[in-house]
Amino acid sequence: MNYAVEMLNISKQYPGTLANDDVSIKIKKGSVVCLVGENGAGKSTLMNILYGLQKPTTGEIRINDKPVTFNSSLDALKNNIGMVHQHFMLVEELSVLENVILGMEPTKSLYIDYDKAKKEIKKLMRSNGINIPVNELIGNLPVGVQQKVEIIKTLYRGVDILILDEPTAVLTPQETNDLFKNIRELSSQGKTIIFITHKLDEVMEVSDHIIVMRKGKVVGEMNTCDTDKYQLAEYMVGKKLPPVMDRKEIQGSPVIELENVSIKQNNGLYSLKNINLTINEGEVLGIAGISGNGQGELARVIAGMTKPTKGKILLENKDITNKNRKERLLQGISYIPADRKKEGLCMQWSIAQNSIAGYHVMPKFLKKILGFKFLDENKINDKAKEMINQFDIRTPSHNTNVNDLSGGNQQKVVIARETKVNNPKLLIAAEPTRGVDIGAISFIHNYIIELRNSKTAALIISSDLDEIFTLSDTIAVLYEGEIVCKLKANEVTREELGLYMAGSKRQEDIDE
Amino acid sequence: MNRNKILKELGKPLFAIIISLLIGALLIIPTGTSPIEAYSLLFKGAFGTWQGFCSSLAKATPLLFTGLAAAYAFRAGVFNIGVEGQLYFGAITAALVGVYLPALPAYISVPICLIAAMIVGMIWAFIPAILNIKLDISIFITCIMLNSIAQLFSNYLATYPFKGELPIGATYKIGENSILPKLAGPMNDLNLGFVLAILVAIILHILLFKTKFGYESRASGISSSFSKYIGINAAKRTVIIVMISGAIAGLAGAEQVMGVNYRYISDISNGLGYTGITVALLAKNNPLGCIITAIFFGALNNGAIQMEVMSNISRDLISSVQAVMIVFIAADFAINSIKSRKKNNLKTKNKKGDNIC
Amino acid sequence: SSENNDSTDKTIKVALITSSGGLGDRSFNDSAHEGFKKAEEELGVEIKVIEPQSTADYLQSLKLASSADYDFIMAVGNDWGDAINSVIPNYPDKKFAGVNVDCTGDNLAVARFADHEGSFLVGALASLMSKSGTVGFIGGMDIPGINRFAVGYEEGAKYVNPDIKVLPTYVGSFADPSKGKEFAVQLIDEDADVIYHAASKSGEGLFEALKEKEGVYGIGVDQDQDYIVEGKILTSMVKNVGNAAYDFIKQVKEDTFTSGEKIYGLAENGVGITELKYTKDIIPQEVLDQLDTIKQDIIDGKITVTDVFNK
Amino acid sequence: MLDLITSVLETTLRLLPPILLAGFGGLITQRIKLVNLGLEGFMLIGAFVAVVMSYFTGSALIALLVTCFICGLMGLLFAIFNIKYKADNIVVSVAINMFALGITKYFLNILFGVRGAFSSPKIIGFSTIDLPFLENIPILSAFAHQSIILYLSILILIVLQITLFKTKIGLRIRATGPNSMAVQTAGVNVFKLKCMVLTASGILCGIGGAYLSLGQLTMFTDNMTNGRGYVAMAASNFGNAMPVGTSLGALLFGFTDAVTMKAQLYGFPPQLIQILPYLVTVLTLIGVGVYKKRKSKRRLIANE
Ligand SMILES: Nc1ncnc2c1ncn2[C@@H]1O[C@H](COP(=O)(O)OP(=O)(O)OP(=O)(O)O)[C@@H](O)[C@H]1O
Ligand SMILES: Nc1ncnc2c1ncn2[C@@H]1O[C@H](COP(=O)(O)OP(=O)(O)OP(=O)(O)O)[C@@H](O)[C@H]1O
Ligand SMILES: [Mg+2]
Ligand SMILES: [Mg+2]
């Protein structure tokens with residue numbers, strides 16, 4: 001049999017963690033293989049080893065039946081292996097063109113031959129149905145386009161084996177579709193693709209073959225046509241997932257009201273325009289929409305991180321428009337930001353330190369000595385331990401740096417803090433399950449519904465429509481900074497929502 | 001586990017010191033002195049006698065202040081390389097206030113001088129901070145320029161408008177009541193400033209690690225987006241932090257005037273601010289760690305004087321050795337070897353850990 | 001070290017503590033060092049040089065030297081006053097010497113050099129030798145210790161030619177020869193054709209400039225610097241710190257050391273000009289004669305030169 | 001008046017090379033996100049090695065080459081300690097400055113038995129490039145007799161500009177600062193790249209130092225760089241790590257320095273006027289900052 005990739009008896013020992021434990025995988029040429037498994041299962045580690053970024057402690061790699069040893073990604077590239085990382089490896093300050101050719105620049109005498117590079121890249125784009133302005137700076141491009149740049153970057157290097165580590169975590173459904181089209185195209189050209197994801201629909205849609213990992217080991221391997229989502233989920237988590245929790249019927253009073261809220265940007269454009277919305281006690285409002293249409297701004301303006309240029313925000317009928325972030329946070333507006341690494345957590349800090357972030361000013365974490373107020377470490381640690389227990393955060397101790405937690409567990413820390421430290425009246429959750437494994441997703445979803453059932457109002461922003469449907473009582477769609485529809489979740493279909501999101505439809509009389 | 005960690009923490013600098021002393025020995029041999037003799041003089045000078053030890057502490061004092069000033073700013077994410085300039089203005093201020101203040105009891109006039117120095121250090125630090133926030137000018141470049149300006153201007157003040165009785169660019173002696181009392185006899189520079197510096201270190205430690213303010217400072221030092229998320233006004237924070245740092249730097253200058261020279265003398269700092277940055281960084285910006293690194297530096301400097309007086313080795317040689325030492329202490333050679341050694345232990349440990357989860 | 005009686009048996013140990021400028025200034029620190037070396041050779045004493053890095057090291061250095069077994073310690077530099085005052089009373093058995101400091105003590109001798117008188121003399125020489133009517137001065141820093149030279153120089157220049165233009169400049173550092181040279185070039189651009197420096201290492205820049213420019217002369221300072229650019233340095237305003245040092249050591253050795261102030265002016269040959277080894281042919285005899293007259297007038301008090309220190 | 005300008009310009013040009021070259025050294029390290037406070041130390045060592053080699057070999061060229069070699073080596077050591085052994089770059093650079101100060105004094109004494117300063121007729125300096133036809137043209141005559149190193153630094157400016165923006169190594173350097181992981185995963189050996197940059201930084205500073213001791217002067221004195229390294233860093237910061245910007249920064253500083261020197265001759269008080277170059281730099285930065293801010297505000301209003 002002719003395998004493109006064989007990784008045999010690979011083990012990888014990090015200080016404190018055995019990330020890969022005697023893993024063997026074989027991948028056929030021209031196939032699309034999905035690597036799935038819970039957070040921290042060792043998927044990224046395994047792929048980093050294949051890409052030469054990490055050296056295996058033991059084990060052997062064969063590419064096209066030839067044994068190889070990689071000392072750096074240069075060696076992997078030489079063997080026509082390319083990788084698109086979970087966190088893009090792009091230089092925002094440079095142009096698309098420069099990013100693509102970086103490390104493999106064509107030269108004419110001493111200079112970089114930009115013309116030749118441009119021609120080549122345009123050709124590559126054409127044959128893969130991608131169209132990106134090559135002179136644009138990466139920083140000016142949306143994530144989905146950046147993703148494409150990453151793919152072009154690997155194609156430009158002439159790779160035959162392409163590794164994609166959670167490429168869809170930050171993509172919109174539309175962008176994901178585009179990506180899948182590209183993947184199928186590549187696969188039809190005979191390229192081998194290894195794809196890491198936590199989204200089982202994607203697995204079913206795009207792959208030929210599935211490898212499941214848990215705790216550093218391969219625990220299952222199957223052809224996609226032989227399995228289904230549910231079986232796969234069981235494989236991954238090792239047990240059946242609990243069903244989504246029932247919703248209680250709740251009639252509540254308004255918690256948060258936005259009246260004509262607008263934000264005008266420096267360039268004169270509106271990122272939010274005349275937003276009117278109300279969320280009641282026990283109501284989950286899901287914001288759907290293609291990212292970049294103001295969802296982030298909406299969350300931030302309610303959380304108090306940006307000021308509206310116009311309009312009013314009321315919390316339980318009190319005007320809080322001029323209250324800053326800190327005041328709102330203490331008054332019960334919790335916010336789970338989309339980017340946990342940049343915003344939600346201080347990665348170099350311990351779980352305990354992170355567990356009070358923002359709430360560290362609350363009297364319950366302070367003690368008085370000689371009339372001065374100091375942080376009370378005992379109480380902080382207790383809180384952290386409590387959170388770890390309640391949320392089943394996998395960690396050696398509350399003093400562990402959050403940087404050493406897996407993505408799902410990091411997310412749990414944020415959620416625990418935002419819901420357990422202060423009783424939130426309103427929970428804003430942006431992409432609450434991004435990059436999180438299905439076990440944790442199920443946990444988080446159920447937890448949010450539980451909060452709702454106990455009368456917390458929630459605003460959920462997600463690019464994952466399934467998530468929106470699972471969680472929401474009401475769904476609103478943002479398009480170019482405006483709310484174009486607001487509907488009961490059980491009265492709308494995905495297809496209809498799609499039309500609103502694309503901007504091709506608009507509700508006539510949005511209630512309120 | 002804990003003991004291993006302590007051993008590792010101690011072993012590293014020890015290794016660095018030994019290596020650099022060996023390198024130093026190679027340099028000493030051509031001078032005709034035996035390295036062993038030289039080093040024993042160095043050590044004796046630094047720690048051998050009570051007076052010598054006190055002198056080491058005296059030399060450590062300004063470095064502790066500047067180190068703390070730098071460490072505090074670094075912790076909060078601001079690269080305050082302007083410590084040197086803030087020190088100069090602190091020094092000249094303490095001198096002028098000390099000279100021209102009417103005679104008051106010491107418990108009034110000493111604090112007045114110190115506070116004046118702190119305020120001026122603060123104001124001088126405020127400039128780069130505010131320029132950074134309002135006009136987005138790099139704190140780094142303004143600080144470097146302001147350092148030179150502060151030094152030249154202080155020298156000018158001491159040479160012209162406020163020149164004292166000495167035939168050099170120096171102010172008059174400060175009043176008796178503004179002097180920081182000596183702690184180890186009249187001929188030892190160790191003065192109350194050292195105690196003050198230790199106090200500042202402890203206060204900073206508490207401020208950084210035990211208070212809301214410190215929590216927020218450290219947050220903004222690590223990630224501006226995170227600190228914004230938890231409701232901190234990063235701009236305002238930067239200004240406050242740099243100003244506190246400037247105040248401590250001002251104290252460094254005040255100590256040199258009120259405890260050592262009793263007047264401002266041109267070029268009084270001679271790079272204390274820059275050395276302070278190293279003191280801070282070697283201590284990983286930990287205020288209490290700064291006490292150790294500052295004393296280490298102070299001891300080396302002081303021991304070097306002793307060695308120079310007692311042998312025919314000049315102090316330059318020791319500053320070269322000291323430089324090598326600093327680099328070796330800062331370097332992390334152990335990374336690879338320790339990792340590979342631990343590998344086996346961990347494998348078993350990890351398996352056990354699995355059950356716990 | 002207390003037994004001083006049988007000084008013949010015991011080698012005397014003497015220490016020189018330089019100013020923070022350190023050795024190698026080809027100026028007063030080096031000059032003092034010369035004196036010490038001469039004493040080492042001729043008197044058989046054991047010498048030691050200590051170079052503090054900054055004024056903050058002064059007290060510590062002097063104290064350590066005093067508590068070590070040196071019989072005599074000389075600290076050179078105008079800025080030693082405070083350290084000397086606080087240390088020497090504690091070591092009544094030791095002998096100390098300072099230069100130009102306002103200190104007194106039973107065990108302290110202070111050499112006072114009349115820098116201004118010597119500078120007056122070379123100012124006059126500069127003025128007499130200048131064809132352009134402009135002479136320059138390069139000081140290390142604008143501080144009293146240097147202005148003493150500047151003022152004396154200017155008075156001397158104006159004394160022989162009231163119309164002469166004297167351009168004083170200050171490098172801003174004693175250790176920046178590159179800038180020193182640039183100042184010299186600037187002065188030459190402004191037509192100065194004789195330039196006197198009192199700028200320690202920065203003054204080296206002047207000599208570098210002289211090598212390149214024709215028709216311009218320099219005047220050295222503190223030590224005989226004439227040899228540095230032969231024939232282009234008219235003379236040097238020699239300040240015999242070395243002589244003073246040698247004298248002190250000799251007194252210590254012969255047990256005739258007396259405390260108090262010792263003036264080293266023109267009269268005492270403490271300051272003066274060199275023997276003009278390379279420039280005898282360049283300087284006309286009548287100029288030399290005139291200088292002799294001026295020198296005598298200063299010694300006789302017919303000319304009084306302003307001493308900045310006494311202002 | 002024209003004479004005055006010419007003379008000031010001439011001085012500016014003579015003061016320029018060390019700041020310019022070290023500024024370039026700072027610029028390239030700034031590009032890989034390293035603060036290299038060690039420019040001063042590299043320069044001092046450069047100045048020293050140049051004098052020593054020139055003295056012993058009698059050839060300024062050999063001196064320059066050896067200087068480049070030694071300073072490059074120092075840069076490489078910096079890189080190894082900083083990148084491989086993770087020593088903080090500020091710590092390493094402060095140590096380098098300290099080391100340079102001490103070791104040059106030490107070897108001055110060991111090699112020549114002197115302290116503080118060393119000059120000798122055996123030290124051969126760099127030659128100047130004489131352009132006699134410029135001598136009588138106002139302003140341009142400032143260029144009539146300038147050191148070959150000045151022209152070398154102009155050449156380096158051009159080479160640097162081209163290297164940074166036209167060649168592959170330049171692209172990689174520009175990418176390393178903002179995101180070195182991206183460069184690493186693109187298959188570039190970032191460690192090697194950084195080593196190269198720091199080596200080059202050392203070499204550039206070395207040439208700058210050699211200019212001080214063999215170009216402008218033919219001697220060595222202790223600490224003869226006298227803070228130029230810091231000014232150079234400021235220049236590279238001033239110029240946003242752009243070669244031309246850095247040159248402008250260095251020129252601005254050199255020019256105000258030259259003006260203040262000249263001003264002394266016209267009776268301005270020397271002590272205060274020495275502050276001017278630093279003050280002017282800060283004021284220029286403020287001016288530029290205010291201008292930028294106004295511009296963005298104006299754009300905002302225009303968009304209303
Ligand atoms: N550089 C590292 N140092 C120490 N431990 C590490 C390192 N990288 C990964 N680990 C640990 O190795 C284990 C496997 O991590 P890996 O990144 O392979 O997980 P993953 O399957 O990609 O998880 P996710 O689904 O969250 O992306 C984790 O427990 C992680 O904490
Ligand atoms: N130096 C490290 N020490 C310990 N664990 C680490 C280290 N670096 C990374 N890890 C862990 O390796 C795992 C993989 O990291 P990765 O960058 O893939 O993020 P992630 O966990 O998948 O999170 P996300 O999906 O949100 O990006 C994570 O569990 C992370 O915590
Ligand atoms: Mg991963
Ligand atoms: Mg992940």
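Hi everyone. One definition before we start: a residue counts as buried under 20% relative accessible area, as exposed over 50%, and as partly exposed in between. Please also keep in mind that the model on the screen is predicted.

Let's put that definition to work on C:Lys211. With a relative accessibility of 40%, C:Lys211 falls between the two cut-offs, so it counts as partly exposed. Its side chain forms a salt bridge with that of C:Glu208, at 3.2 Å from N to O. And what about C:Glu208, buried or exposed? C:Glu208 is buried, at 5% relative accessible area. Both residues sit in helix 7 of chain C, which covers residues 200–212, and they are three residues apart, about one turn of the helix.

Moving along chain C, we come to another salt bridge, this one between the side chains of C:Glu214 and C:Lys232, with an N to O distance of 3.9 Å. Here the pair links distant parts of the chain, 18 residues apart. C:Glu214 is in the loop between helix 7 and strand 9 (217–222), while C:Lys232 is in the loop between strand 9 and strand 10 (233–239). C:Glu214 counts as exposed, because its relative accessibility of 67% is over 50%. C:Lys232, on the other hand, is buried, with a relative accessible area of 14%.

Chain C also has a network for you: salt bridges link C:Asp115, C:Arg148, C:Lys239 and C:Asp307.

Now for a pair that crosses between chains. Which residue does B:Lys210 meet in a salt bridge? The partner is A:Glu377, and the two side chains are 3.2 Å apart, N to O. On the chain B side, B:Lys210 belongs to helix 7 (residues 192–210); on the chain A side, A:Glu377 belongs to helix 13 (residues 377–391). B:Lys210 is partly exposed at 30% relative accessibility, and A:Glu377 is partly exposed too, at 36% relative accessible area.

If you're wondering how many salt bridges there are over all chains, the count comes to 49.

Let me finish with C:Glu182, in helix 6 of chain C (residues 177–189). C:Glu182 has a relative accessible area of 0%, so it is buried. Which residues does C:Glu182 touch, leaving aside those up to four places away in sequence? The contacts are D:Thr11, D:Arg14, D:Leu15, D:Gln216 and D:Met261.

That's my tour, thanks for listening!

Definitions and conventions: Residues are numbered from 1 along each chain as its sequence is written. Chains are lettered from A and ligands numbered from 1 in the order in which they are written. This is a predicted model: local features need pLDDT of at least 70, side-chain atom pairs count only at pLDDT 80 or more; totals for chains, interfaces and linings use all residues. Side-chain values use heavy atoms; hydrogens and water are left out. Helices (H or I, at least four residues) and strands (E, at least two) are DSSP runs, numbered from the N terminus. Buried means under 20% relative accessible area, exposed over 50%, partly exposed in between (1.4 Å probe, protein chains only). Contact means heavy atoms within 4.5 Å. A salt bridge is a side-chain nitrogen of Lys or Arg within 4 Å of a carboxyl oxygen of Asp or Glu.
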